[in-house]
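Dear colleague,

I am passing on to you the structure shown below, together with an account of what was found in it. Please read the notes with the structure open beside them.

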Amino acid sequence: MCDTCGCSTGEGVRIYKPGEEEGHTHSHIGPDGKEYSHSHDHGHTHDHGHTHDHGHNHSHDHGHTHDHSHDDSHTHVHGQAGGTVEQRTLDLHLDIMGRNNLQAERNRGWFEAKHIFALNLVSSPGSGKTSLLERTLKDLGGEIPCAVIEGDQQTSNDADRIKALNIPAVQINTGNGCHLDADMIYRAKDSLALEENSLLMIENVGNLVCPSLFDLGEGRRVVVISVTEGEDKPIKYPTMFETADICIINKIDLLPYLDFDLAKCREYALRVNSGLEFFELSVRSGEGMEAWYDWLREGLKRA
């Protein structure tokens, strides 16, 4: 269970390439945090007719009780001469994000060493994040080596769309988890055989809350919103916009039909993060896409 948001990010995580759902090896994270790989073959049922009962009872009673529960707040009572008692409370604090952040730094160093420009795409569901990714790969795939890590709770629908473009892709299903983390990216990247001087797009789980807390080791974080969502998203979900480098406002072709204040949306976002860079575009019409492509080209050069 995730210590930050309470979601299940351990058991049930699956990392695989599109088309390998059946009859192939999957990687799972067990309750103990370790990785287990095994093959699924759903076309056969095995019944060996054996029931094993070893009949051992490992219950031991030594006449005393073991209680191993610990509280992070420890109270120490010291007896002093003359019967005076001094009581002190010691508070212990642990950075629950420490493990993720350490792995994120390892990922970042690996990407930098291979000159890979890694982007973490985050948004709420329905913003057009996958459509943006799909069109970007169609237009730039022949010019720039690209690869994709897709994050979703279930299905490989988005990764299948990327695979149809002949772009290397790997799917991470988070099960009940609501975000990707740095360890998932570390394991998924090994399935892609990433080229040097390439672009890696990580499409995070559709959620404007929990993904904001998890550094994946990306070079830049890109938050995508659409004009159908309302201009107040940046102040309703400030942590996501505070941690982002780029804000893409999508579906601007719909502006004539909606009550959406584009200037107000930018104002709200800059109130949260004064360093945000904006791209206003329409994936459907293509308006504004070239400026986005130029930024990607320049980012890859810097990487």
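I begin with the aromatic residues: Phe-117, Phe-279, Trp-292 and Trp-295 form one aromatic cluster. Please bear in mind throughout that this is a predicted model.

Aromatic pairs

The structure holds five aromatic pairs. One of them joins Trp-110 and Phe-111 in an edge-to-face arrangement, with 5.8 Å from centre to centre and 75° between the planes. The two partners differ in their surroundings: Trp-110 is partly exposed, its relative accessible area being 29%, whereas Phe-111 counts as buried because its relative accessibility is 2%, under the cut-off of 20%. Another pair, Trp-292 with Trp-295, is stacked; here the centres are 5.6 Å apart and the planes are at 10° to each other. Trp-292 and Trp-295 are both part of helix H8, where three residues, about one turn of the helix, separate them. Both of these tryptophans are buried.

Helix H8

The length of H8 is as expected: at 1.5 Å a residue, its 14 residues should span 20 Å, and its end C-alpha atoms are indeed 20 Å apart. Its buried residues are Met-289, Trp-292, Tyr-293, Trp-295, Leu-296, Gly-299 and Leu-300. Viewed down the helix axis, the buried residues of H8 fall within an arc of 160°, so they line one face of the helix. Among the elements that cover these buried residues are S6, H2, S9, S10, S11 and strand S12 (277–280).

The nonpolar cores

Which residues touch the most other members of the largest nonpolar core? They are Met-201, Ile-248, Trp-292 and Leu-296, in a core of 28 residues. At least two residues of this core come from each of the following: strand S6 (117–123), helix H2 (129–140), strand S7 (146–152), strand S9 (199–203), strand S10 (220–226), strand S11 (246–250) and helix H8 (289–302). H8 gives the most, namely six residues. In soluble globular proteins, nonpolar side chains tend to be buried together.

Met-201 illustrates how these parts meet. Leaving out residues up to four places away in sequence, Met-201 touches Leu-119, Leu-121, Leu-133, Thr-136, Ala-147, Val-148, Ile-149, Trp-292 and Leu-296. There is also a second, separate core of 18 residues, which includes Ile-15, Ile-172, Ala-188 and Leu-216.

Two loop residues

Is Ser-127, in the loop between S6 and H2, buried or exposed? Ser-127 counts as buried, because its relative accessibility is 1%, under the cut-off of 20%. Its side chain makes a polar contact with the side chain of Ser-123 at 2.8 Å, and the side chain of Ser-127 also reaches the backbone oxygen of Ser-124 at 3.5 Å. Apart from neighbours within four places in sequence, Ser-127 is in contact with Val-224, Ile-225, Ser-226, Glu-229, Asn-250 and Lys-251.

Leu-254 is found in the loop between S11 and helix H7 (262–272). Leu-254 is partly exposed, because its relative accessible area of 28% lies between the cut-offs of 20% and 50%. Although 27 residues separate Leu-254 from Val-227 in sequence, their C-alpha atoms are 7.3 Å apart in space. Not counting residues up to four places away in sequence, Leu-254 touches Val-227 and Thr-228.

With kind regards

Technical notes. Residues numbered from 1 in each chain as written. Predicted model: local features only at pLDDT ≥ 70, side-chain atom pairs only at ≥ 80, totals over all residues. Heavy atoms only, no water. Core = buried A, V, L, I, M, F, W, Y, C linked by side-chain atoms within 4.5 Å. Buried < 20%, exposed > 50% of the residue type's maximum accessible area, 1.4 Å probe, protein only. Helix = DSSP H or I, 4+ residues; strand = E, 2+ residues; numbered from the N terminus. Contact = heavy atoms within 4.5 Å. Polar contact = N/O pair within 3.5 Å; in protein donor to acceptor, adjacent residues only side chain to side chain. Expected span 1.5 Å × (residues − 1). Arc of directions from axis to C-beta. Phe/Tyr/Trp six-rings, centres within 6.5 Å; stacked < 30°, edge-to-face > 60°.
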